[in-house]
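Work through the exercises below with the sequence and the model side by side, trying each task before reading its solution.

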Amino acid sequence: MATQVTAKPTGPAAAALISAGIGTFAVGALTSLAEASAGLKDSLNFYNPAGPLSGKTGVAIMIWLAAWIILHSAWKTRNPDIGRIFTWTLVLIGLGFLLTFPPIFEAFARE
């Protein structure tokens with residue numbers, strides 16, 4: 001009796017990877033944008049003891065989750081190029097990581 005092996009689509013894994021990159025980039029972008037805009041910095045203050053960090057991470061989590069849900073539903077039966085997805089994920093994570101360092105985000109600070 002022969003067993004048939006069915007390959008699973010790589011779309012759900014690709015969606016998880018790229019959404020992690022998008023979420024990481026969102027944290028970095030919000031960190032830099034909050035330095036550039038006093039209004040945004042104030043609006044990201046969801047919880048006073050934590051300051052605008054609570055909003056930066058909260059909004060980034062919402063962006064990550066929305067990206068994951070949308071991409072998962074779009075790619076659940078597809079096989080996107082996982083190598084290209086992985087490359088873009090690393091680029092987004094790297095950029096997001098860089099944008100959270102003080103020498104970088106302070107360059108956007110308002111004078």
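**Exercise 1.** Locate Thr31 among the helices, decide whether Thr31 is buried or exposed, and list what Thr31 is in contact with beyond its sequence neighbours.

*Solution.* Begin with the secondary structure: Thr31 belongs to helix α1, where helices (H or I, at least four residues) are DSSP runs, numbered from the N terminus. Before any value is read, note that this is a predicted model, in which local features need pLDDT of at least 70 and side-chain atom pairs count only at pLDDT 80 or more, while totals for chains, interfaces and linings use all residues. Residues are numbered from 1 along each chain as its sequence is written, and side-chain values use heavy atoms, with hydrogens and water left out. Next comes accessibility, for which buried means under 20% relative accessible area, exposed over 50%, and partly exposed in between (1.4 Å probe, protein chains only); because its relative accessibility is 9%, Thr31 counts as buried. Finally, leaving aside neighbours within four places in sequence, Thr31 is in contact (heavy atoms within 4.5 Å) with Lys56, Leu99, Thr100 and Phe105.

**Exercise 2.** Compare the span expected for helix α3 with the distance between its end C-alpha atoms, then state which of its residues are buried and what covers them.

*Solution.* The expected span of a helix is 1.5 Å times one less than its number of residues, so the 24 residues of α3 should span 34 Å, and its end C-alpha atoms, 34 Å apart, agree with that value. The buried residues of α3 are Pro52, Ser54, Gly55, Lys56, Ala60, Ala67, Leu71 and Trp75, and their cover includes α1, α2 (38-43) and α4. Ala60 serves as a detailed case: at 3% relative accessibility, Ala60 counts as buried. Its C-alpha atom is separated by 5.2 Å from that of Ala26, although the two are 34 residues apart along the chain. Apart from neighbours within four places in sequence, Ala60 is in contact with Gly23, Ala26, Val27 and Leu30.

**Exercise 3.** Find the aromatic pairs in the whole structure, and classify the arrangement of Trp64 and Trp68 and that of Phe97 and Phe101.

*Solution.* A pair of aromatic rings is described by the distance of the centres and the angle of the planes. Rings of Phe, Tyr and Trp (its six-membered ring) pair if their centres lie within 6.5 Å, and planes under 30 degrees apart count as stacked, over 60 as edge-to-face and the rest as tilted. A search of the whole structure on this basis yields two aromatic pairs. In one of them, Trp64 and Trp68 are 5.4 Å apart centre to centre with 35 degrees between the planes, which is a tilted arrangement. Because they are four residues apart in helix α3 (residues 52-75), Trp64 and Trp68 are separated by about one helical turn. Trp64, at 29% relative accessibility, is partly exposed, and Trp68 is likewise partly exposed, with a relative accessible area of 33%. The centres of the Phe97 and Phe101 rings are 5.0 Å apart and the planes lie at 85 degrees, so this pair is edge-to-face. Phe97 is exposed at 52%, whereas Phe101, at 37%, counts as partly exposed. To complete the surroundings of Trp64, set aside residues up to four places away in sequence: Trp64 then touches Ser19, Ala20 and Gly23.

**Exercise 4.** Determine how the buried residues of α4 are arranged around its axis, and identify the residue that caps its N-terminal end.

*Solution.* The 17 residues of helix α4 (residues 82-98) should span 24 Å, and its end C-alpha atoms are 24 Å apart, which agrees. Within α4, Ile85, Thr89, Leu92 and Gly96 are buried. Seen down the axis, the buried residues of α4 fall within an arc of 70 degrees (the arc being that of the directions from the helix axis to the C-beta atoms), so they line one face of the helix. The face turned away from this buried side carries the exposed residues Arg84 and Phe97, while the cover over the buried residues of α4 includes α1 (11-36) and α3. At the N-terminal end, Asp81 provides the cap, with a side-chain oxygen 3.2 Å from the backbone nitrogen of Gly83.

Technical notes. Helix = DSSP H or I, 4+ residues; strand = E, 2+ residues; numbered from the N terminus. Polar contact = N/O pair within 3.5 Å; in protein donor to acceptor, adjacent residues only side chain to side chain.
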